[in-house]
Each structure stands twice: as C-alpha cells, then as structure tokens.
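Visitor: I have a structure open and want to learn how to read it. Where do we begin?

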Amino acid sequence: MTRDLEYNITSQDNGVTISDYLKKQGFSHAVTVQLKKIPESILLNGKWEYMSTRLNGGDCLSIHFEETEGSENIVATNLPLSICYEDEDILVVNKPADMPIHPSMNNYDNTLANAVCHYYQTQGIPYTFRCVNRLDRDTTGLTILAKHLISSAILNSEVSVRGISREYLAIVKGFTEDEGTVNAPIGRKEGSTIERQIDVLHGETAITHYKRLAYQDGLSLISLKLETGRTHQIRVHMKSIGHPLIGDFLYNPDFTKINRQALHSYRLRFTHPVTKKPLVFTAPLPEDMQALFPEMIL
C-alpha cells in the first residue's frame with residue numbers, strides 16, 4: 001500500500017515545527033518514528049528537513065510511505081464482502097452476521113480480516129488489516145477499516161476522544177420507554193472470560209442512550225447511541241432495564257425469534273482522517289431483523 005499526502009501550510013501554522021504540525025494532523029509518535037526511517041518520506045518544499053524545522057505559510061509538506069508487507073498470519077479467504085465506501089485511506093464495510101472481525105484459535109478463515117485480505121490480494125496490494133470499530137461476531141453493520149498506518153493512527157485517536165459517532169438498531173423484548181439513558185458501569189462477570197455485567201464497584205463507566213422507533217408483537221425496535229464503547233455494552237445495559245435483545249444466547253437465552261442477537265450497526269458519523277471532510281454512512285436493516293418489522297423502512 002503506497003500513499004502520498006500533501007499539506008499546504010497556512011500562516012496560522014507559522015513557526016510550528018514539522019513534528020508538532022504532524023501531531024496536529026493526528027499522526028501518532030509511533031507513526032512519525034516509523035516515517036523517519038523511510039528515506040525521503042517527509043519533505044519540506046521538496047527537500048529533506050529535520051522534524052524540528054519550523055514551518056512558514058506557503059510551505060508544502062509532503063509525506064510519502066509504502067507498506068510492502070501485509071498481514072502474513074491472516075489467511076486470504078474468498079468470502080462475501082459488502083463494501084459501502086472505499087478511497088485511498090479508508091474502507092467502510094457492512095459486516096454480516098456469523099462473521100468475527102479477527103481470526104481466533106477456533107476460527108482461522110471465516111472472519112472479516114480473511115475476506116478483506118483476499119479482496120486486496122486479488123488486486124496485488126499488500127494490506128495490513130486494521131479495524132477501527134470492532135463488532136461482535138453476530139452484530140451486523142458498518143465497520144471502518146484503515147488502509148494504512150497513518151489513517152489508522154488518526155482514526156484511532158478519534159475513537160479515544162469519541163470523535164466517531166455510532167448509532168445502532170436493536171430489537172428488544174417488551175415495550176420500552178419512549179426514550180431513555182442507561183448510565184451504569186460494566187465489568188467482567190466473575191468466572192467468565194466472555195460475559196459482562198453491571199458492576200458498580202469495579203466496572204468501567206458506560207453510557208447508552210436509546211429511543212423506541214416501533215413496537216409490534218411484544219417487541220420494540222430501538223435506536224441506540226453510545227457515549228462509551230464497553231464490551232457487550234448495549235446487550236448488558238438493555239438487559240439491566242428489563243429489555244434484553246432477542247436472540248441473545250448469552251444474556252437472553254430463553255427468548256429467540258431470531259438466530260443471533262438482534263443488533264445492527266446502522267449509522268456512522270466521523271471526519272475523514274486525511275481530507276477532514278465529514279462523512280456519514282448508513283446500512284439498512286438486515287433481512288432477519290427487517291422480517292420482524294416489515295413495515296419499518298430505515
């Protein structure tokens with residue numbers, strides 16, 4: 001994967017060092033260290049300069065890098081891949097159910113990583129798999145992938161300051177309030193490596209906002225917005241207020257009208273890591289969830 005970036009310096013950044021300017025753009029320290037190892041990867045007005053060199057309005061700062069090796073330990077597998085958007089820096093995909101993000105001990109070749117690596121292998125492009133917003137195996141919907149180390153660093157810094165807005169759709173048991181907020185810390189359940197629970201004493205802060213969109217046959221279709229990104233946050237929070245997700249074998253095993261937890265990553269809003277343009281993506285309800293609310297068009 002090869003990428004060339006160009007920054008036209010304005011008077012606003014007069015006197016700022018190259019190092020500090022790149023930091024403002026979201027380049028992590030690890031990325032700048034790696035770039036410095038690559039000949040002519042950072043040029044000011046076409047010439048190599050020290051990172052401590054100060055910029056002036058009208059300068060042109062050029063960044064060049066090339067990744068010649070991909071994720072060697074990920075098997076490229078020809079799997080369905082629904083691409084919603086792609087450019088030189090990012091890939092946005094609509095992940096299906098029953099597909100983990102990363103390979104694991106019991107699943108080497110049926111993951112999103114396998115599918116994406118195959119997609120780029122067929123194009124002869126070395127690709128390192130970098131997922132920005134992870135989803136559970138059976139959660140469907142929008143996932144952002146970085147196509148190189150710089151977009152990865154910038155997007156992950158956005159995640160850390162909640163710069164990526166995520167909206168989910170879920171189907172839960174019962175008739176929920178019109179809208180509400182669950183503010184309850186979440187921690188690991190004792191004796192389990194997977195299950196989480198509300199843990200007031202030792203849990204991490206977790207905040208979920210929800211709104212009911214429709215009600216039918218004892219089920220509520222709700223939208224959810226997260227202020228935090230804890231493991232199983234939506235599933236644990238909705239169970240805690242008496243409205244667990246249907247099909248959730250872990251937190252609601254006795255109530256199944258669907259073969260997986262009814263949770264879908266519906267909308268993502270974020271700023272493009274390079275162009276800085278605002279982006280919004282949506283993915284319609286998958287068929288299994290749509291079947292329970294056939295008249296609801298989103």
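Guide: We begin with a definition. Helices and strands are DSSP runs, numbered from the N terminus. By that numbering, L61 sits in strand 4. Keep in mind that this is a predicted model.

Visitor: Is L61 buried or exposed?

Guide: A residue counts as buried under 20% relative accessible area. L61 has a relative accessible area of 0%, so L61 is buried.

Visitor: Which residues does L61 touch, leaving out those up to four places away in sequence?

Guide: The list includes L5, E6, Y7 and I9. I18, Y21 and L22 are on it as well. So are I42, L43 and L44.

Visitor: How far is L61 from V236?

Guide: These two are 175 residues apart along the chain. Their C-alpha atoms are separated by 47 Å.

Visitor: Now the nonpolar cores. What is the general idea?

Guide: In soluble globular proteins, nonpolar side chains tend to be buried together. Here, the largest nonpolar core has 22 residues. L22, F27, L61, I63 and I150 touch the most other members.

Visitor: Which helices and strands each supply at least two residues of this core?

Guide: Three are strands: strand 1 (2–8), strand 2 (42–44) and strand 4 (60–66). Helix 1 (18–24), helix 2 (29–36) and helix 4 (149–160) do so too. Helix 4 gives the largest share, four residues.

Visitor: What is F27 in contact with, beyond its neighbours within four places in sequence?

Guide: F27 is in contact with L5, Y7, L22 and T32, and also with L35, I63, I150 and I154. Apart from this core lies another, of 17 residues. Among its members are L91, Y127, F129 and L145.

Visitor: Next, aromatic rings. How many aromatic pairs does the structure hold?

Guide: Eight. Take Y7 and Y21 as the example. To name the geometry, look at the angle between the planes: over 60 degrees counts as edge-to-face. The planes of Y7 and Y21 stand at 75°, with the ring centres 5.8 Å apart, so this pair is edge-to-face.

Visitor: Why does the Y7 and Y21 pair tie together separate parts of the sequence?

Guide: Y7 lies in strand 1 and Y21 in helix 1, so the pair joins parts that are 14 residues apart in sequence. Y7 is buried, at 8% relative accessible area. Y21 also counts as buried, at 5%. Ring pairs link Y7, Y21 and F27 into a cluster.

Visitor: And strands? What should I know about their side chains?

Guide: In a regular strand the side chains alternate between the two faces of the sheet. Now find strand 6 (residues 90–95). Five of its six residues are buried.

Visitor: In what sense do strand 5 and strand 6 pair, and over how many bridges?

Guide: Strand 5 (residues 83–86) and strand 6 are antiparallel, over three bridges. They form a hairpin with three residues between them. E86 has L91 in strand 6 as its bridge partner. Strand 6 also pairs with strand 8 (residues 140–146), again in the antiparallel sense, over six bridges. There, K95 stands opposite G141 in strand 8.

Visitor: Last topic: pockets. How are they found?

Guide: Rolling a probe the size of a water molecule over the atoms shows where empty space is left. In this model, the largest pocket has a volume of about 650 Å³.

Visitor: Which residues lie nearest the centre of the largest pocket?

Guide: R134, R166, T228, G229 and R230, out of 25 lining residues. Helix 4, strand 9 (165–173) and helix 5 (233–240) each supply at least two residues of the lining.

Technical notes: Residues are numbered from 1 along each chain as its sequence is written. This is a predicted model: local features need pLDDT of at least 70, side-chain atom pairs count only at pLDDT 80 or more; totals for chains, interfaces and linings use all residues. Side-chain values use heavy atoms; hydrogens and water are left out. A nonpolar core is a set of buried Ala, Val, Leu, Ile, Met, Phe, Trp, Tyr and Cys residues joined through side-chain atoms within 4.5 Å. Buried means under 20% relative accessible area, exposed over 50%, partly exposed in between (1.4 Å probe, protein chains only). Contact means heavy atoms within 4.5 Å. Rings of Phe, Tyr and Trp (its six-membered ring) pair if their centres lie within 6.5 Å; planes under 30 degrees apart count as stacked, over 60 as edge-to-face and the rest as tilted. Two strands pair if DSSP finds at least two bridges between them. On a 1 Å grid over the protein atoms alone, a cavity is a set of points where a 1.4 Å probe fits but cannot get out, and a pocket is an open set with protein on both sides within 12 Å along at least five of seven lines; lining residues have an atom within 4 Å of a point. Grid points are joined across faces, edges and corners, and a volume is the space filled by probe spheres set on the points.
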